[in-house]
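Reader: I am new to this structure and would like a close look at a single part of it. Please take one place where two helices meet, and then work outward from there.

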Amino acid sequence: MTKLKRWLTVGGISSLALFLAACGQTTTKNGVRKPPTDFFNGTLYKYIAQPLQHLMEWISGFFSGPNGYGIAIILITLVVRMILLPLMLNQQKNMTISQEKTKLLKPQLDIVQAQMKKATTPEEQMQVNQLMQRVYKENGTSMIPPMGCLTILIQLPIFSGLYQAVAYSTEISNSTFFGIQLGKPNMIVTIIATLLYVAQSYIMMQGVSEDQKKAMRTTMWLSPGMTFFFCLMSPAGLGLYFLAGGLIILIQQVIVTYVITPSIRKRLDAEMAENPPVIVIDEHTFDKQNASAPAAKGNANNAASSNSESNRNRNRNAGKQQRHH
């Protein structure tokens, strides 16, 4: 389960990397970037990047001074995040419920995992795995926790459109935001955005058990690591998107960890007091099976010995008959 979640997360982030890499293929003539003309990136530029350019130009017109385009990017980020907020909160809520139910099922899952280590044949492993599925199913949860990749996939066109909007607009790429040129990578924006995601991951880990922390320790660094990579390799305009988005995600995580999660725990505790977890497996479930395994092995050895003795007797009789003749 942990490996599957890890691979799905890596796959989602890798898709984002490939998507942005495709948008980064630009052609220049006399130092001026030309918009892409191939079908995929050209369509993306025409229907997403250009409207974003016009939107940023319109928003920046309300602000005097050189910071208008930077403010426009931040406002666009806020709007996108507000639209995605219900979906993201629902995903985190479902993930929290799944984690809390898994915590209640831990005694049964520990027994199953111990038995899985003892299984020596594919048939035994399949039987134990089916029992684990029953534990989850009969308690209304799943072996695979809800994934959070949907919000990343929804944002892919925004990432790429914003990248192109900054890259192919001379006016936007040459503009500044508090002295930071939007068309070039900036280490300050990169570090701040990365630290926001580090803080979000740290707060997220506060709401889980020690066992879950061990399982999540690797994946918790993926988001800050990829944020650092994207911001370092992309124009500061896209880095501002990650920075503003990171600030919103940090606030969202504080709400989830310290407000939503305690209320979910309280509700689940009340539900479990009335309807305790269904006991599918206990410490005696595998006792008979484990006890019969050595007996079966002994019977097999006895049968083999009997067959061997019969074969020896048969050979002796055959030898006597040959000498007699």
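Author: A helix axis here is a line fitted to C-alpha atoms over the stretch in contact, and the angle between two axes runs from 0 to 180 degrees between their N-to-C directions. The model is predicted, and the part chosen is the meeting of helix α3, residues 68-104, with helix α4, residues 106-118. These two helices pack at an angle of about 70°, and their axes are 5 Å apart. Angles of 65 to 115 degrees count as roughly perpendicular, so α3 is roughly perpendicular to α4.

Which residues make the contact? From α3 come Thr102, Lys103 and Leu104, and from α4 come Lys106, Pro107 and Leu109. By kind, the residues of this contact divide into 3 nonpolar, 1 polar and 2 charged.

Lys106 of that contact also takes part in a salt bridge, with Asp110 as its partner. The closest N and O atoms of Lys106 and Asp110 are 2.8 Å apart. Both residues belong to helix α4, where they stand 4 residues apart, about one turn of the helix. Are these two side chains' residues buried, partly exposed or exposed? Lys106 has 30% relative accessibility and therefore counts as partly exposed. Asp110 is partly exposed as well, with a relative accessible area of 34%. As a general point, side chains of opposite charge can pair when their charged atoms come close.

The count of salt bridges comes to 3. Another one joins Arg134 and Glu138, with 3.2 Å between the closest N and O atoms. Arg134 is partly exposed at 40% relative accessibility, and Glu138 is partly exposed with a relative accessible area of 39%. In a further salt bridge the side chains of Glu271 and Arg267 meet at 3.0 Å, N to O. Glu271 and Arg267 are separated by about one helical turn because they lie 4 residues apart in helix α11, residues 236-274. Glu271 counts as partly exposed at 35% relative accessibility, and Arg267 counts as partly exposed at 37%.

Val128 offers a buried residue to set beside these. Val128 is placed in helix α5, which covers residues 122-137. Buried means under 20% relative accessible area, so Val128, at 2% relative accessibility, counts as buried. Leaving out residues up to four places away in sequence, Val128 touches Val112, Gln115, Met116 and Phe286. The C-alpha atoms of Val128 and Lys117 are separated by 10.0 Å, and these two residues are 11 apart along the chain.

Now the chain as a whole. The chain has 12 helices and 4 strands. Of its 325 residues, 38% count as buried. Among contacts between residues at least 6 apart in sequence, 78% join residues at least 24 apart.

Last comes the confidence of the prediction. The chain averages a pLDDT of 76, and 73% of the residues score at least 70. Over residues 1-8 the pLDDT is below 50, and this stretch has 14 contacts in the model beyond near neighbours in sequence. Over residues 319-325 the pLDDT is also below 50, and that stretch has 0 contacts in the model beyond near neighbours in sequence. Where pLDDT is low, the predicted coordinates should not be read in detail.

Note on methods: Residues are numbered from 1 along each chain as its sequence is written. This is a predicted model: local features need pLDDT of at least 70, side-chain atom pairs count only at pLDDT 80 or more; totals for chains, interfaces and linings use all residues. Side-chain values use heavy atoms; hydrogens and water are left out. Angles under 35 degrees count as roughly parallel, over 145 as roughly antiparallel, 65 to 115 as roughly perpendicular and the rest as oblique. Contact means heavy atoms within 4.5 Å. Ala, Val, Leu, Ile, Met, Phe, Trp, Tyr, Cys and Pro count as nonpolar, Asp, Glu, Lys and Arg as charged, and the others, Gly among them, as polar. Buried means under 20% relative accessible area, exposed over 50%, partly exposed in between (1.4 Å probe, protein chains only). pLDDT is the predictor's confidence in each residue, from 0 to 100. A salt bridge is a side-chain nitrogen of Lys or Arg within 4 Å of a carboxyl oxygen of Asp or Glu.
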